[in-house]
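Thanks for coming, everyone. Let me put the structure up, and then we will walk through a few places in it.

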Amino acid sequence: MTSVWNFPDFDNHEGVHAFTDRESGLRAIIAVHSTHLGPAAGGARFWHYAAGDLAVTDALRLSRGMSFKNAMAGLELGGGKGVILAEKPGDVATPEQLRAFGRAVESLGGRYVTAEDVGMSEERMKVIAGETSYVSGLPVESGAAGGDPGPYTAHGVYLGVKAAAKRGLGTDDMKGVHVAIQGVGSVGGGLARLLAKDGATLTLADVDAARAAALAAELGGETVAAGAILAVEADIFSPNALGAILTEATIPTLTAKVVAGGANNQLATREDYARLHERGILYAPDYVINAGGIINVGLEYLGQGDEAEVMARIAKIPARLDQVWDESDRTGAPAAEVADMIAMRLIGR
């Protein structure tokens, strides 16, 4: 395996930790990017990677994104990420692996706080919480901050999509606005339902074609194959699956005037910042628009408010996007680059 310092996505991370547990079969990476603003917070994902280097790269990219996301959301939290490696596609984390991961989190003494991400759930977080107190996103009573972050992420993305439509399309009304949504899980599915209530025209795609078809039937939308969604002739393209889907090859195929969605690390490389910008496509930086979930579980962990406070903070996402777009307009720099610069100032980089 390549030395971690030589990975292209290594960004002076404070720590990159590899864990194994022979009895459970756990293999996990925890990357701590920054603790400048507080403990490094970020979800743990359970995923199959074709090679270990890819898992490290994912942890590096995602933890840096969490530093930026938490800073832009005004949270007293740094950025980190946990990646638990599945042996093969479709595997589910076992209770033994979850407990072993909890012990790994505990061993870092509070420098990293974990929460729910891809392949995890509230119930799985409860198992992890049996081994460590450095965990959030646990089931809570009605009206409290915490619990499943997905619906809160979806709500924030929805507000961001509407802000992007106003900025990029000149409309306050989503009725008839065509949105192509990639990924209809917790976030993408929640977004689709909210947009359908506003009368938006929806085209949906998911690697689980049956799930996309069922949601399209429910909402009166259409579906396309997962690989075809980027080229759909839509007003807005909304990526809500995994990252690195906006590349040198895919950006030229976009017909949408706006890209706004909840997926992390949508742009594969820094060069893609300029590629999207040069096409005149309005971009909502991912870690700004998708901060709703971490606002929810972050305030739960910090004990800084209830659900009403969570929703009030999520409501500020459009204003943060406007700040980025205004500076992009003034300087001519891509929105993704502007967001990075603002976030780096906030975390002292």
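We start with the second largest pocket. It holds about 500 Å³ of space. Keep in mind that this is a predicted model.

What sits closest to the centre of that pocket? Of the 25 residues that line the second largest pocket, the closest to its centre are Asp9, Arg61, Arg64, Asn265 and Tyr273. Three elements give two or more residues to this lining: α1, at 52–72, α8, at 286–289, and α12, at 335–346. Which one gives the largest share? That is α1, with seven residues. As for character, the lining of this pocket has 12 nonpolar residues, five polar and eight charged.

Now pick out one residue on helix α12: aspartate 340. Is aspartate 340 buried or exposed? Its relative accessibility is 2%, so aspartate 340 counts as buried. Who are its partners? Setting aside neighbours within four places in sequence, aspartate 340 is in contact with Arg64, Phe68, Arg270, Tyr273 and Tyr287. Look at Arg270 in that list. The side chains of aspartate 340 and arginine 270 are joined by a polar contact of 3.2 Å. Two more names should sound familiar. Arg64 and Tyr273 touch aspartate 340, and both are among the residues closest to the centre of the second largest pocket.

Next, a helix: α6, residues 209–219. Which of its residues are buried? They are Ala212, Leu215 and Ala216. These three cover an arc of only 105° around the axis, so they sit on the same side of α6. Here is the general rule. An α-helix has 3.6 residues a turn, so residues three or four places apart point the same way.

What about the other face of α6? Turned away from the buried side, it carries the exposed residues Ala210 and Ala217. And the cover over the buried residues of α6? It includes α5, at 186–197, β8, at 201–205, and β9, at 222–223. Just past the end of α6 comes glycine 220, with a positive phi of about 80°.

On to enclosed space. Rolling a probe the size of a water molecule over the atoms shows where empty space is left. How many cavities of 30 Å³ or more does the structure hold? One. The largest cavity has about 50 Å³ of space.

Its lining is made by Ala41, Gly42, Leu77, Val113, Thr114, Ala115, Ser136, Ile294, Val297, Gly298 and Tyr301. Seven of these lining residues are nonpolar, four are polar and none is charged. Which element gives the largest share? Helix α9, residues 292–302, with four residues.

So let us look at α9. This helix is mostly covered, with eight of its 11 residues buried. The buried ones are Gly292, Gly293, Ile294, Ile295, Asn296, Val297, Gly298 and Leu299. What do they pack against? Their partners are β3, at 40–41, α1, α4, at 150–169, α10, at 307–314, and α11, at 317–331. We met α1 already: it gives the largest share of the lining of the second largest pocket. After α9 comes glycine 303, and its phi is positive, near 65°.

Now the loop between α3, at 122–129, and α4. Tyrosine 134 lies in this loop. Leaving out neighbours within four places in sequence, tyrosine 134 is in contact with Val105, Glu106, Gly109, Gly110, Tyr112, Val113, Thr114 and Tyr301. Val113, Thr114 and Tyr301 are also among the residues that line the largest cavity.

Glycine 147 is found in the loop between α3 and α4 too. Its relative accessible area is 4%, so glycine 147 is buried. What does glycine 147 touch, not counting residues up to four places away in sequence? Its contacts are Glu122, Gly137, Leu138, Val140, Asn296, Val297 and Glu300. Asn296 and Val297 are among the buried residues of α9.

One last stop, on helix α11: serine 328. With a relative accessible area of 7%, serine 328 is buried. Not counting residues up to four places away in sequence, serine 328 touches His277, Ala333, Pro334, Ala335 and Val338.

That is the tour. Questions, please.

Definitions and conventions:
Residues are numbered from 1 along each chain as its sequence is written. This is a predicted model: local features need pLDDT of at least 70, side-chain atom pairs count only at pLDDT 80 or more; totals for chains, interfaces and linings use all residues. Side-chain values use heavy atoms; hydrogens and water are left out. On a 1 Å grid over the protein atoms alone, a cavity is a set of points where a 1.4 Å probe fits but cannot get out, and a pocket is an open set with protein on both sides within 12 Å along at least five of seven lines; lining residues have an atom within 4 Å of a point. Grid points are joined across faces, edges and corners, and a volume is the space filled by probe spheres set on the points. Ala, Val, Leu, Ile, Met, Phe, Trp, Tyr, Cys and Pro count as nonpolar, Asp, Glu, Lys and Arg as charged, and the others, Gly among them, as polar. Buried means under 20% relative accessible area, exposed over 50%, partly exposed in between (1.4 Å probe, protein chains only). A polar contact is a pair of N or O atoms within 3.5 Å; within protein, one must be able to donate a hydrogen and the other to accept it, and residues adjacent in sequence count only if both atoms are side-chain atoms. Contact means heavy atoms within 4.5 Å. The arc is that of the directions from the helix axis to the C-beta atoms.
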